[in-house]
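Visitor: Please take one part of this model and go through it closely, together with whatever it packs against. I would like a connected account rather than a list.

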Amino acid sequence: MRKWGWGVIVVLLLVGCQQPAVELSLPTLMPVAALPAAPMATLPATMDLNMDVATAVPLASPPATSTPLTVITLAPDPELTPLPDLPSENRFTCRTEATLTAVSPIWIVRPGPWPRPAAAAGLLGHYPDTGLKLLHLGFDVEGDPYFVGDLLDVLDKRQVKTTMFVLGSWADTYPEWVQEFARRGHELATHGYSHADMSSMTASQISAELRDTEFSINSLTGQTTKPWLRPPFGSYSETSVQAAYAAGYTTVIWTGSANDWRSGMDADKMCATLRYYASPGAILYAHTNRAEVVTAVDRFIAEMQDAGYTFVPLSLLLADDPADWLQRVEVED
Ligand SMILES: [Zn+2]
């Protein structure tokens, strides 16, 4: 068993709140006074509602409309420090698909279902290094479905199982793809139902979003989406995090993403961006609605597998004994 369990879960506290800190069942909460406040930032005044805009520094970017929040961590974690806007492409160049064709993973994940942890009353954006070089690259599933099949083929080719954060309204529109995620052995999770900003929702509205999405995905696949919620735009409030927790969900943000929603991002830049954010325990994501993502993900996975990393579904990243779920790949001479 790991001793630190949920140690990296980030806890939300209201700035200037007169009430005690959010009540937690976590064992190792650090004194509030010892923790640095994350710098505050705001989202752009106009947001493209098809995109998650808070990717670059999500922990420091609560939307302007929400209650001001300070994010604190339960343990020192440099990965949670806000990162520069975009990486240096020179340092993080990905090789070409042709060069990476022969790369094979060292370990692959045994078929699921994998043990899903209980929900936590905080934000999850990174997990500590287990010494196994585990990495999670999940997908927010929304918008155009045209590239989903190619993306699933890339994941199969690279022998990767992951977690799909599906928008509930998308699941109702494209049920056959949601069933295909399950058939290909991926874990399902929720991205809410309507893609509205959860930081401005009431607890009952959030509960309805989660309930409706769970109903759709569970009806289609038999899988639950619990405990994984990635809120649209990475946008959250103390109310949203607590409402999600009450409904059985941990609010998942990220260590970094492909920044695929940004203008001017081609496959080279997306792959370089993912490499920039990659580290043991990292929680990364991309969207499924861009053609360039398919190529970028193919190359990124190969680069990391070549460096000894194993991609896992989010539940396995947090499993007590993830090594029990890994299987060594036999390489023929
Ligand atoms: Zn989204």
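Guide: Asp306 counts as partly exposed, because it has 16 C-beta neighbours inside 10 Å, whereas a buried residue needs 20 or more. The model is a predicted one, and Asp306 lies in helix 8. Along the chain Asp306 is 203 residues from Val103, yet their C-alpha atoms are separated by 6.1 Å.

Some context for the chain comes next. The secondary structure consists of 9 helices and 13 strands. There are 333 residues, of which 49% count as buried. Among contacts with a separation of 6 or more, 80% are between residues 24 or more positions apart.

The part to look at closely is strand 5, residues 134-141. All 8 of its 8 residues are buried, so the strand is largely enclosed by the rest of the structure. Its side chains alternate: Leu134, His136, Gly138 and Asp140 point one way, while Leu135, Leu137, Phe139 and Val141 point the other way. Both sets are buried, including His136 and Asp140.

Strand 5 is bridged to several other strands. With strand 11, residues 283-287, it shares 5 bridges, and the two run parallel. In that pairing Leu137 stands opposite Leu284. Strand 12, residues 310-311, is also parallel to strand 5 and is joined to it by 2 bridges; here Leu134 is opposite Thr310. Strand 6, residues 163-166, is joined to strand 5 by 3 bridges, again in parallel, and Val141 stands opposite Val166.

The link from strand 5 to strand 6 involves a helix. Strand 5, helix 2 (residues 148-157) and strand 6 form a β-α-β unit, and the unit is right-handed.

Beyond strand 6 comes strand 7. Strands 6 and 7 pair in the parallel sense over 4 bridges, and the bridge partner of Val166 in strand 7 is Thr190. Strand 7 covers residues 187-190 and has alternating sides too: Glu187 and Ala189 point one way, Leu188 and Thr190 the other, and all are buried.

Val166 therefore deserves a closer look. Leaving out residues up to four places away in sequence, it touches Val141, Ala171, Val178, Leu188, Thr190, His191 and Ile217. Of these, Val141 is the residue opposite it in strand 5, and Thr190 is its bridge partner in strand 7. In general, nonpolar side chains of soluble globular proteins tend to be buried together. The largest nonpolar core here has 77 residues, and Val166, Ala296 and Val297 touch the most other members. Helix 8, residues 291-306, gives the most to this core, with 8 residues.

That leads back to the helix holding Asp306. A pair of packed helices is described by the angle and the distance between the axes. The axes of helix 2 and helix 8 come within 9 Å and cross at roughly 5 degrees. Angles under 35 degrees count as roughly parallel, so helix 2 is roughly parallel to helix 8. Asp150, Leu151 and Val154 make the contact from helix 2, and Val293, Val294, Val297 and Asp298 make it from helix 8. Val297, one of these contact residues, is also one of the three that touch the most other members of the largest nonpolar core.

How values were computed
Residues are numbered from 1 along each chain as its sequence is written. This is a predicted model: local features need pLDDT of at least 70, side-chain atom pairs count only at pLDDT 80 or more; totals for chains, interfaces and linings use all residues. A residue is buried if 20 or more other C-beta atoms lie within 10 Å of its own, exposed if 12 or fewer, and partly exposed in between; C-beta atoms are placed from the backbone. Two strands pair if DSSP finds at least two bridges between them. A crossover is right-handed if, with the strands pointing away from the viewer, the path from the first strand over the helix to the second runs clockwise. A nonpolar core is a set of buried Ala, Val, Leu, Ile, Met, Phe, Trp, Tyr and Cys residues joined through C-beta atoms within 7 Å. Two residues are in contact if their C-beta atoms, placed from the backbone, lie within 7 Å. Axes are lines fitted to C-alpha atoms, for helices over the stretch in contact, and angles run from 0 to 180 degrees between N-to-C directions. Angles under 35 degrees count as roughly parallel, over 145 as roughly antiparallel, 65 to 115 as roughly perpendicular and the rest as oblique.
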